[in-house]
Amino acid sequence: MITGSPITWLTDWDAALAEARRLRRVVLIDVWKDP
Amino acid sequence: MTYPDAAVRAAVNARFVPLRLDLFRDSAVVRPLNVVWTPTLLIADRRGVVHYRSVNFLPPADFLDMLDIGEAQTRLKWAEYDRASDLLASVPARHPGGPLVPEAIYWRGIVAYLKTHANDAMYAIWREIQERYPDSIWARRIP
């Protein structure tokens, strides 16, 4: 069975892009709205 | 639900930078992304350019396929063809019969062309769509 820690979502656009550059990853953006 | 799924969590944590934006609270950032429905999932490169979008929810198995296709679309724009091809090949390998499989095969054909500039390489891959998924919209996109 695969286990996975909860997803830790960033909430700042610039911080996410900086992290993506640092890790050479792509960004998964979840656009939602408060219910 | 999708995010509580262990395989989805593992894939997101291992390969992506997860960013959650509120349609209204983050409107200055979200407005240029042309989002009209929530949730919308976008896959973007490290410059913030969006290369793939998926509207509303998907079951975990399809969500994993979407992640692979979306990351592959992003990688191929950065000429990371081998990585893109591996991601696209993983969709039918992991989830044979999944609804996104023809799309993954189609894009793997395009990646093969971009890497080799050989039509034969692309059509050899696309032949699988014509043979196994002749009624899919992706078969109709083969000239």
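Student: What does chain B average in pLDDT?
Tutor: Keep in mind that this is a predicted model, so the score speaks of the predictor's confidence in each residue. In chain B, 99% of the residues score at least 70. The average pLDDT of chain B is 96.

Student: And the complex, what ipTM does the predictor give it?
Tutor: There are two scores for the complex, and the pTM is 0.95. The ipTM is 0.94.

Student: Which elements of chain A supply residues to the side that touches chain B?
Tutor: Chain A has one helix and one strand. In the contact between the chains, 28 residues of chain A meet 34 residues of chain B. Each supplying element gives at least two residues to that side, and they are helix 1 (13–23) and strand 1 (26–32) of chain A.

Student: By class, how many residues on that side of chain A are nonpolar?
Tutor: Take the other classes off the table: five residues are polar and six are charged. The nonpolar residues on the side of chain A that touches chain B number 17.

Student: In what sense do strand 1 of chain A and strand 1 of chain B pair?
Tutor: Let's go through the bridge partners: A:Val27 has B:Val17, and A:Val31 has B:Leu21. Both numberings rise together from one pair to the other, as they should for strands that run over seven bridges in the parallel sense. The pairing of strand 1 of chain A with strand 1 (residues 16–22) of chain B is parallel.

Student: What is the strand order of the open sheet?
Tutor: The sheet has four strands with mixed pairing. Strand 1 and strand 3 (50–55) of chain B stand at the edges with a single partner strand each, so one side of each has no neighbour in the sheet. From one strand to the next the twist averages 20°. The order reads 1(B)-1(A)-2(B)-3(B).

Student: Which helix packs on that sheet, touching strand 1 of chain A?
Tutor: The helix also touches strand 2 (40–44) and strand 3 of chain B. Its direction makes about 165° with that of strand 3 of chain B. The one you want is helix 3 (residues 60–77) of chain B.

Student: Why do the buried residues of helix 1 of chain B line one face?
Tutor: The buried residues in helix 1 (residues 6–15) of chain B are B:Val8, B:Arg9, B:Ala11 and B:Val12. They pack against strand 1 of chain A, along with strand 1 and helix 3 of chain B. Seen down the helix axis, these residues line one face because they fall within an arc of 165°.

Student: Is B:Val111 buried or exposed?
Tutor: B:Val111 sits in helix 5 (residues 101–116) of chain B. Setting aside neighbours within four places in sequence, its contacts are B:Leu76, B:Tyr81, B:Ala84, B:Ser85 and B:Leu88. The cut-off for burial is 20 or more other C-beta atoms within 10 Å. B:Val111 has 27 such neighbours inside 10 Å, so the verdict is buried.

Student: Which residues does A:Trp32 contact, leaving aside its neighbours within four places in sequence?
Tutor: A:Trp32 belongs to strand 1 of chain A. With 15 C-beta neighbours inside 10 Å, it counts as partly exposed. Its contacts are B:Arg20, B:Asp22, B:Leu23, B:Thr38 and B:Pro39.

Student: What is omega for the cis peptide bond that joins B:Thr38 and B:Pro39?
Tutor: B:Pro39 has its place in the loop between helix 2 (27–30) and strand 2 of chain B. The bond from B:Thr38 to B:Pro39 is cis, with an omega of about -5°.

Student: Which residue takes a positive phi in the hairpin of strand 2 and strand 3 of chain B?
Tutor: These two strands pair in the antiparallel sense over five bridges, and B:Thr40 stands opposite B:Val55. The hairpin has five residues between its strands. The phi in question is near 90°, and the residue is B:Gly48.

Student: Where does B:Ala79 lie?
Tutor: B:Ala79 is not a glycine, yet its phi is positive at about 60°. It is exposed, with 11 other C-beta atoms within 10 Å. B:Ala79 lies in the loop between helix 3 and helix 4 (81–94) of chain B.

How values were computed. Residues are numbered from 1 along each chain as its sequence is written. Chains are lettered from A and ligands numbered from 1 in the order in which they are written. This is a predicted model: local features need pLDDT of at least 70, side-chain atom pairs count only at pLDDT 80 or more; totals for chains, interfaces and linings use all residues. Two residues are in contact if their C-beta atoms, placed from the backbone, lie within 7 Å. Ala, Val, Leu, Ile, Met, Phe, Trp, Tyr, Cys and Pro count as nonpolar, Asp, Glu, Lys and Arg as charged, and the others, Gly among them, as polar. Two strands pair if DSSP finds at least two bridges between them. pLDDT is the predictor's confidence in each residue, from 0 to 100. Axes are lines fitted to C-alpha atoms, for helices over the stretch in contact, and angles run from 0 to 180 degrees between N-to-C directions. A residue is buried if 20 or more other C-beta atoms lie within 10 Å of its own, exposed if 12 or fewer, and partly exposed in between; C-beta atoms are placed from the backbone. The arc is that of the directions from the helix axis to the C-beta atoms.
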